Amino acid sequence: MMNVKKSKIALLLAAGAVSMALTGCGGDDGTDGNPGNPGGPAADYINTLNLKVTDVTYTDGQPTIKVFATNEEDLPVIGLQDLGVVAAQLTPQGATGAGNSAQWTRTARASGVDSYIDNKDGSYSFTLELSEYSADMTQRFNVYAGGKGSTLADGATTVPRREIVADFDGQGYEAKYTKDIVSHETCTNCHAEGEPLTTRHSSYYTQETCATCHSSSMSTESQWNHLIHNIHNTAKTFEDKYGKEYTGEAAEALIQNNCKSCHVEPEADSGELAEWGNWSRIPTMETCTSCHTNIDFEAGKGHSQQADNSNCIACHNSSWTEELHTSSFGDTKALIDTYGINVTSTIDSTTTAATISIQVVDSTGAEVDINTILPMVQRFEVITNVGPNNVTLGYGGKDSINAIKNGVVDAKAAIEDGKLVYTTTKDLKLNTEAGADNETAFTFVGWAMCSANGEFVKCDDPDFDGKDTDKYTGMKADLAFATLSGEAPSMRHVDSVNFSACASCHSDEFQVHKGGHHAGFVMSEQLAHTNDADGMPIIGVDACASCHTPDGTYAGGVNMGALEMKLHKTHSQGDYAVIPGMNCDQCHSDFNRDAFKKKGALATAGGQYTTPIAATCASCHSYNMDKFKSHVEGQGALVNVSKEAATDAAQLETCFYCHAPTPADHTAVKM
């Protein structure tokens, strides 16, 4: 037997064993300590489970690994019932053939109490039988435990999910080489921490676990470097063995085939992801065909004929591959950053119309005469509504115009002193009471520039409707407020969701609603109307409410179009779900429950309305509507009634007498 690397924890365990042995010699019967852990407490609760591989030893090429488990207070966890481990071996780049990437091969799997020894001190021992082993190759141990329904041996102490990977060399010492391309933290920019990555595998939470199992022991289509791209784009639809179809539509809409959404360069000197650049450095047929499905390499279809990866790098060098896959996104960002806009609004006390002035600025903030870029402006979309918190004009009543379209200024607008100026033509129905929410008119301005090949170009088709999104770039939007009295405007709260939360999933150049109806709104510092404690801009969702009103959008309440519901439905519910298992705190920095005091009825069905708290909750909890309705109506809410009835009852809901939701636990109640 060869004894190898011992971690600090392992040494502490050894020291503890000596101490316990000495205590035993003194005649202690162990009644003051936990069984099997004399003289020291064991964890009797686990909010966070920590796992660490502390020791690896080999006998005749078969490993025994020791895993140490603690809770958040570093107390040993005794009695795990569902601990498991997957072993894998890393074949180095080129070892199986010139041009081939490094590959994990799963070599063993063991789980459940019959597969390990509980040493009763927080440590557990596995002895594995490997299907193949080379002392010259990196060995990985993917350890997991806990999850839904998991408890300790006492049957009462719940065990949260935890997964780790620990890489060693073939003798149990620190690994000299591993394959670390994308981090778990990058995945959790979109996928919820502590939730399964997919609905297919409801027990696995990290991409490292996925990569360990989806290895070279599977078919090409099931290997991680191929499968992960299939899941995130629409190039190839496939079904799993249970008949579930994966189209990649939601993921592609979110990350837009931007490789750098996932392949993120680590900070300098971080010591992490040493091989993050492998995605461009080592092109292979197995990886490339996950997106480029029209290619048959062996038949020479769509590509020069080749039988293996030995010659790929001759043409597809790293810099060219990276440029080919990312340059368009860099070009888009550069175009977006070229200009910004500053929007102001004033209200004529006699006509009660709002006059909106739009000043284009360059990247330094210097004013730009809009005449100089007019031929390249695809559109300026100007939307005005009233009452940021409880929008009164609705979707159909808002004042909306494309003040410029395809380089032509609308007859109702004008360019004055280099600025685009427009005065609303609809009756804004402003409240004359100073400080009232519906005394404030708020205007959202989005715009787009015609573009091609990374440059702004002249809009040469006056009838272009914007449906071909490759012909233009959505630019930074802006928001302006004005009141009839001239006093400070009412503004929607921005302390529940802010731009930083949106940007963790959506890139800075993500163009919201880009298509025939809208310009493609870029969420940027242009939309900030307050700053956080560090002086950074907080961009709220005021602008969205100009269309996503309490009355819904073009489909009324049928599609839960009000902002309070639409965002939840789009991001989490049913067929609209972008990411399975989303947590509230991925988007919410806070729950401003007082905001509901300013809100009224929300459209929840065709021609029917619901009180605002109940309507917001229903956007996620409508799967059992009868039960939901019975519960909330017992707390003063009204569900699917007339607008007048729901409006009258809007401030009578007593939900927050009992419920005290937080982003971390939206089920919290007052006791």
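1. Ala, Val, Leu, Ile, Met, Phe, Trp, Tyr, Cys and Pro count as nonpolar, Asp, Glu, Lys and Arg as charged, and the others, Gly among them, as polar. By these classes, four nonpolar, four polar and two charged residues make up the lining of the largest cavity, to which point 7 returns.

2. The structure is a predicted model, in which local features need pLDDT of at least 70, side-chain atom pairs count only at pLDDT 80 or more, and totals for chains, interfaces and linings use all residues. Residues are numbered from 1 along each chain as its sequence is written, and side-chain values use heavy atoms, with hydrogens and water left out.

3. The chain contains 16 helices and 28 strands (DSSP runs of H or I over at least four residues and of E over at least two, numbered from the N terminus). Along the principal axes, its C-alpha atoms fill a box of roughly 95 × 70 × 45 Å. Of the 671 residues, 47% are buried (under 20% relative accessible area with a 1.4 Å probe, protein chains only). Among the contacts with a separation of 6 or more, 66% join residues 24 or more positions apart (contact: heavy atoms within 4.5 Å).

4. One open sheet has four strands in the order β1-β2-β6-β5, with antiparallel pairing (two strands pair if DSSP finds at least two bridges between them). Because β1 (50–59) and β5 (116–118) each have a single partner strand, they stand at the edges, and one side of each is left without a neighbour in the sheet. Nine bridges join β1 to β2 (residues 62–70) in the antiparallel sense. Within this pairing, D55 has K66 of β2 as its bridge partner. Strands of a sheet pair through backbone hydrogen bonds, either parallel or antiparallel.

5. A further open sheet of four strands follows the order β4-β3-β7-β8, and its pairing is also antiparallel. Its edge strands, β4 (103–111) and β8 (162–168), pair on one side only. Which residue of β7 is the bridge partner of G84? The partner is Y144; β3 (residues 84–91) and β7 (residues 138–145) pair over seven bridges in the antiparallel sense.

6. Further along the chain, β14 (residues 377–386) and β15 (residues 399–405) form an antiparallel pair over six bridges, in which I404 of β15 is the bridge partner of F380. Strand β15 also pairs with β16 (residues 408–409), in the antiparallel sense and over two bridges; here K405 is matched with V408 of β16. With two residues between them, β15 and β16 form a hairpin. In its turn, N406 has a positive phi of about 50 degrees.

7. How many cavities of 30 Å³ or more are there? The count comes to one (on a 1 Å grid over the protein atoms alone, a cavity is a set of points where a 1.4 Å probe fits but cannot get out; a pocket is an open set with protein on both sides within 12 Å along at least five of seven lines; lining residues have an atom within 4 Å of a point). The largest cavity holds about 40 Å³ of space, a volume being the space filled by probe spheres set on the points, which are joined across faces, edges and corners. Its lining consists of N389, N390, V391, R492, A545, H548, T549, P550, L563 and E564.

8. Two residues of that lining, L563 and E564, recur in helix α12 (residues 563–572), where L563, E564, M565, K566 and K569 are buried. The buried residues of α12 pack against β27 (602–605) and α13 (612–621).

9. The second largest pocket has a volume of about 510 Å³. Its lining comprises 18 residues, and S328, T332, T469, D470 and K514 are those nearest its centre. Two or more lining residues come from each of α9 (318–336), β19 (440–452) and β21 (472–474). Helix α9 gives the most, with five residues. By class, the lining of this pocket has four nonpolar, nine polar and five charged residues.

10. Near the end of the note, one residue deserves a separate point: P663, in the segment after α16 (655–658). Is P663 buried or exposed? P663 counts as buried because its relative accessibility is 14%. Beyond its neighbours within four places in sequence, P663 is in contact with C584, D585, H588, S589, D590 and F591. From C-alpha to C-alpha, P663 and S496 are 9.0 Å apart in space, although 167 residues separate them in sequence.

Note on methods: Buried < 20%, exposed > 50% of the residue type's maximum accessible area, 1.4 Å probe, protein only.
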